[in-house]
Amino acid sequence: MVPGRRVRRRTGRRPLPRGVLILGGLLAAQGWIGGTVDRDPPPDWIVAVNASVLAALLAGVFAGAIMLNRYTASLAATAPALPGLAAGITVALYLNRPSGWTGWGVCVAGILGMLVIWLVIGLLGTRVTTPSGANPGAYAELNARLNQLDARRAVYCAEPIPPATLSEVNRSACAEVAYHRAFIDSELASEGHPRWSLGTGYIDLWNRIHRAEEALIEVEPVEEVNRGAVYDELRIRGSNITNREDLLAIMRRAVSKLGAADYLSPSTFTPSDTEPTDAERAQARAILRVVRRTVNEFRDDRSDGLVRAHNRLIGTMVFTGLTAYVLLALALLAEVPSRTIEAAAAFYLVGAIVGLFNRLHAESGTEAAIQDYGLSRARLIQTPLFSGLAAVGGVLLTAMLTAALNDELLVPPAAVTPATTASAAGVGAPTTTPTAAGAALVGAPTAPVDIASPAALATVTPTATATPTTTSANLAAASPNAEDAGTGVGDQDAVRDALEEQPIPQLPDIFDLNGNRFGLVIAAIFGLTPNLLIRRLQEQTDRYKDDLQSTEAPNQS
């Protein structure tokens, strides 16, 4: 008998569970805080602490009611939705907050409401922590393949195995199959782990199934081995495997040793007429096992790439959502007007809806024959988040850039000293005073010349055609102060007045549905931009799917 059990039975006492101690401590802290602070109404931080303790108590009750492993795994699987859930609750509370509530209190209440809903969702989502519930399609494929494996193993590796019936290589192969099958059973029996919702658990099981099937090549009858070789040839031909021609040549040579070369596609290889020995046949089985493993590893790597792309997308979505919620919290702490939040929410929803329609159009042209382990679903979930944020940022960026460009257009060119003073039309100026250099070029005297006189015009030979240039002197003509003409002072006053009339827009002016209705159009346009940014990632995953599709047999593609 175990000594520890004898001691517990003699004393009649058991140590308190750790969860009970934690809950007792929370209750004691709540009572102490309520007794030390006696104010009516209580401060916001007292309300927040009491609500936090209540949420923790609910979490303890729910966690103790069911299996803790499945519950925690369910919470981990549903965690990516928390930032969006918290943002929605916080915005709804801010737009309908009672009098006296501050932005800080709204944020705390939104987070607590999110936690309570998360705990309830965790209770309802425990099924996603099981192999059959996380991805029913992948689980059904695994079960079908396991049934085939078990049927073949029961015939070719029957237990107990007589020592004289199988060679050492065959016994080793059967032991390898048994080892992989035991591992698969233990994994399928395990529940309450996030690897099923992440997809990594299915990839591990497929690796084990493939290793077991490859080991059976050593003990199967020659007819089964040839059947598998023909099937592998159908998968290799036309595939995206880099060395597929070498694999086909190796496989044809190995199959010729087993007497099935006539069933393969025509090639330049000519099988030998001599009867192969037992050692050559055994070597041919080993070579076919290598070819099968090469094809399986090619497919497993592509499937693993899809799973990793799915998990990276989920991680990006979580951190993006957290960052967006921090920005929202900062805006609420600054006591932004409610109409500004309403306009930002409207822009967000417009961008999210447009992004969803664009995603629907993109998904309609893709094939669903390849198992992507939730990647398409993750893209659908992240589309409203990224498109909505892009829409809000696009409205803000467009307004700021428009104001900045307008300010640049209002700035006049640098003032220059005019060589010629003329009217804006170039006609009606009575005289001109050329510089010394200009007089030397045309041979004219430095004294003033009456250009209105026909005789003077006849004596002047122009050397170039003057191009009218708008300078500060032209703009100064419009200035009411004649003394400012030619100095640019009037221009600076005009620019200053224009800038005062058109200041840089403030955030309440940008996020205003009445004053910035065109922002809805800008939000719809920018709602399409996230698909352009993630196109490279989508192209990579599409290549993975193409590689998987290329290694399917023609009747399954």
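Of the 557 residues in the protein, 34% are buried. The model is a predicted one. Its secondary structure comprises 24 helices and 2 strands. Contacts reach far along the chain: among those between residues at least 6 apart in sequence, 79% join residues at least 24 apart.

Turn to the largest nonpolar core. This core holds 24 residues. Tyr202, Val219 and Tyr373 touch the most other members. Three helices give two or more residues to the core: α8 (136-156), α9 (168-189) and α11 (200-216). Of these, α11 gives the most, with 8 residues. Such grouping has a general background: in soluble globular proteins, nonpolar side chains tend to be buried together.

Tyr373 deserves a look of its own. Leaving aside residues up to four places away in sequence, Tyr373 touches Asn135, Ala138, Tyr202, Ile203, Trp206, Ser303, Val307 and His310. Tyr202, one of these partners, is also among the core members that touch the most others.

Next comes the second largest pocket. Its volume is about 1000 Å³. The lining counts 33 residues, and Ala324, Leu328, Tyr348, Leu389 and Val392 lie nearest the centre. Elements that give two or more residues to this lining are α5 (82-95), α14 (278-333), α15 (338-364), α16 (375-410) and α21 (507-510). What is the make-up of the lining, in nonpolar, polar and charged residues? The lining divides into 28 nonpolar residues, 5 polar and no charged.

Helix α5, one of the elements that line this pocket, also holds Thr90. Is Thr90 buried or exposed? Thr90 has 0% relative accessibility, so this residue counts as buried. Not counting residues up to four places away in sequence, Thr90 touches Val106, Cys107, Gly110, Tyr325 and Leu332.

Helix α12 offers a check on geometry. The helix runs over residues 222-236, 15 residues in total. At 1.5 Å a residue these should span 21 Å, and the end C-alpha atoms are 21 Å apart, so the two values agree. Which residues of α12 are buried? They are Val225, Asn226, Gly228, Ala229, Asp232, Glu233, Arg235 and Ile236. A general rule helps in reading such a list: an α-helix has 3.6 residues a turn, so residues three or four places apart point the same way. The buried residues of α12 pack against α13 (244-257), α14 and α24 (535-550). Here α14 appears again, having also given residues to the lining of the second largest pocket. After α12 comes Gly238, with a positive phi near 75 degrees.

Definitions and conventions:
Residues numbered from 1 in each chain as written. Predicted model: local features only at pLDDT ≥ 70, side-chain atom pairs only at ≥ 80, totals over all residues. Heavy atoms only, no water. 1 Å grid on protein atoms, 1.4 Å probe; cavity = no way out; pocket = protein on both sides within 12 Å on 5 of 7 lines; lining within 4 Å. Points joined across faces, edges and corners; volume = space filled by probe spheres on them. Helix = DSSP H or I, 4+ residues; strand = E, 2+ residues; numbered from the N terminus. Nonpolar A, V, L, I, M, F, W, Y, C, P; charged D, E, K, R; others polar. Core = buried A, V, L, I, M, F, W, Y, C linked by side-chain atoms within 4.5 Å. Buried < 20%, exposed > 50% of the residue type's maximum accessible area, 1.4 Å probe, protein only. Contact = heavy atoms within 4.5 Å. Expected span 1.5 Å × (residues − 1).
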